[in-house]
Amino acid sequence: MSATAQIPAYTTDAFFGLEDKWLETAEGELTHYHDVGEGTPVLFLHGSGTGVTAAANWWLNLPELSEQARCIAIDSIGYGQSVVADGTQYGIKEWVRHAVRVLDALGIEKTWIVGNSLGGWLAFQFAIDFPERLLGIVSMGTGGAKLTGALAGHSKPDLSEAGIRKTLELFVVDKSLVTDELVSLRYQAALNDTASDRLADVVAARDRDRTELPLDFDVLAKLEIPVLLIHGVQDVVIPVTRTWELLNVIPTADAHIFSQCGHWSQVERAKDFNAILKQYLASHGVTR
């Protein structure tokens, strides 16, 4: 490790059941991640909600999916516990480049990407910028859509437990999933965002690129890799029309639409989500 990149004194809460790993991905940059399972690599990219981390997005999915593949879930730069170098810039292309640095540091030439919200947006930008590195994409509630009222609320996050609860409740139909413990854990993670003044920077970069760097549909129309789009009918953060939009553009795309489900399909319908993902990956040769 370089002298400018010190591993934080941090342990992911036992609630999530995931082991912490750290990887130097650039001078002064340490990526915090979880790496479980063996076989074909699948890179998991989280969304952009307040207090988001890889663990808080994927804790219900990684244990089961790692029975079939090597599952690598990262805290993107500007989020979670990843350490960034001074002067780090944020944005769609920068987050994609960070994902590539992770793959390079791990010696992975090609990977699947599973992305949630912002992570799905990143997956398709990755396909545009680095198509030779991708095996396939699974994207849920794909980000980068036009601004909605719920998305506008994300631009000015309320950094309190009550504010985080309100945000998480927007993600689901079943509000009972938003437990006191989960809210508390997201709040503790958000304090890390606030302490480094980075939350405003990453939100501004995300919202800037929504307008300035929308996905290039002309390129996506030429994709040849397998793509699975997943969406909840009751998603108020990114409407299901986003999936129809992509489905009509990407020639290889299939879609699964969950009933009684909001923006957090990997949590709200975790059992079904895991089964669908395992079956889809197996149908494309990802087995152990």
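A residue counts as buried when its relative accessible area is under 20%. In this predicted model, Gly47 has a relative accessibility of 4% and therefore counts as buried. Gly47 is placed in the loop that runs between strand E3 (41-45) and helix H1 (54-58).

The surroundings of Gly47 can be described through its contacts. When neighbours within four places in sequence are left aside, Gly47 is in contact with Val52 and Asn57, and also with Asn116, Ser117, Leu118 and Gly119. A further spatial relation links Gly47 with Ile74: the two residues are 27 residues apart in sequence, and their C-alpha atoms are 11 Å apart in space.

Two of the residues that Gly47 contacts, Ser117 and Leu118, appear again at the largest cavity, where they are among the residues nearest its centre, together with Ser48, Gly49 and His263. The structure holds one cavity of 30 Å³ or more, and the space in the largest cavity amounts to about 180 Å³. Its lining consists of 21 residues. By class, this lining comprises eight nonpolar, ten polar and three charged residues. Helix H4, helix H5 (149-154) and helix H8 (199-212) each contribute at least two residues to the lining of the largest cavity.

Helix H4, which helps to line the cavity, also packs against another helix. Helix H3 (residues 92-106) and helix H4 (residues 118-129) have their axes 9 Å apart and meet at an angle of about 75°. Angles of 65 to 115 degrees count as roughly perpendicular, and H3 and H4 are therefore roughly perpendicular to each other. On the H3 side, the contact is made by Ile92, Lys93, Trp95, Val96, Ala99, Val100 and Leu103, while H4 supplies Leu118, Trp121, Leu122, Gln125, Phe126 and Asp129. The residues of this contact comprise ten nonpolar, one polar and two charged. Leu118 thus recurs in the description: this residue takes part in the contact of H4 with H3, touches Gly47, and lies among the residues nearest the centre of the largest cavity.

The model also has pockets to consider. The largest pocket has a volume of about 200 Å³. Twelve residues line this pocket, and those closest to its centre are Gly144, Ala145, Lys146, Arg242 and Glu245. Helix H10 (residues 241-247) provides three residues, the largest share of the lining. In terms of class, the lining of the largest pocket has five nonpolar, three polar and four charged residues.

Methods:
Residues numbered from 1 in each chain as written. Predicted model: local features only at pLDDT ≥ 70, side-chain atom pairs only at ≥ 80, totals over all residues. Heavy atoms only, no water. Axes fitted to C-alpha atoms, helices over the stretch in contact; angles between N-to-C directions. Helix = DSSP H or I, 4+ residues; strand = E, 2+ residues; numbered from the N terminus. Parallel < 35°, antiparallel > 145°, perpendicular 65-115°, else oblique. Contact = heavy atoms within 4.5 Å. Nonpolar A, V, L, I, M, F, W, Y, C, P; charged D, E, K, R; others polar. 1 Å grid on protein atoms, 1.4 Å probe; cavity = no way out; pocket = protein on both sides within 12 Å on 5 of 7 lines; lining within 4 Å. Points joined across faces, edges and corners; volume = space filled by probe spheres on them. Buried < 20%, exposed > 50% of the residue type's maximum accessible area, 1.4 Å probe, protein only.
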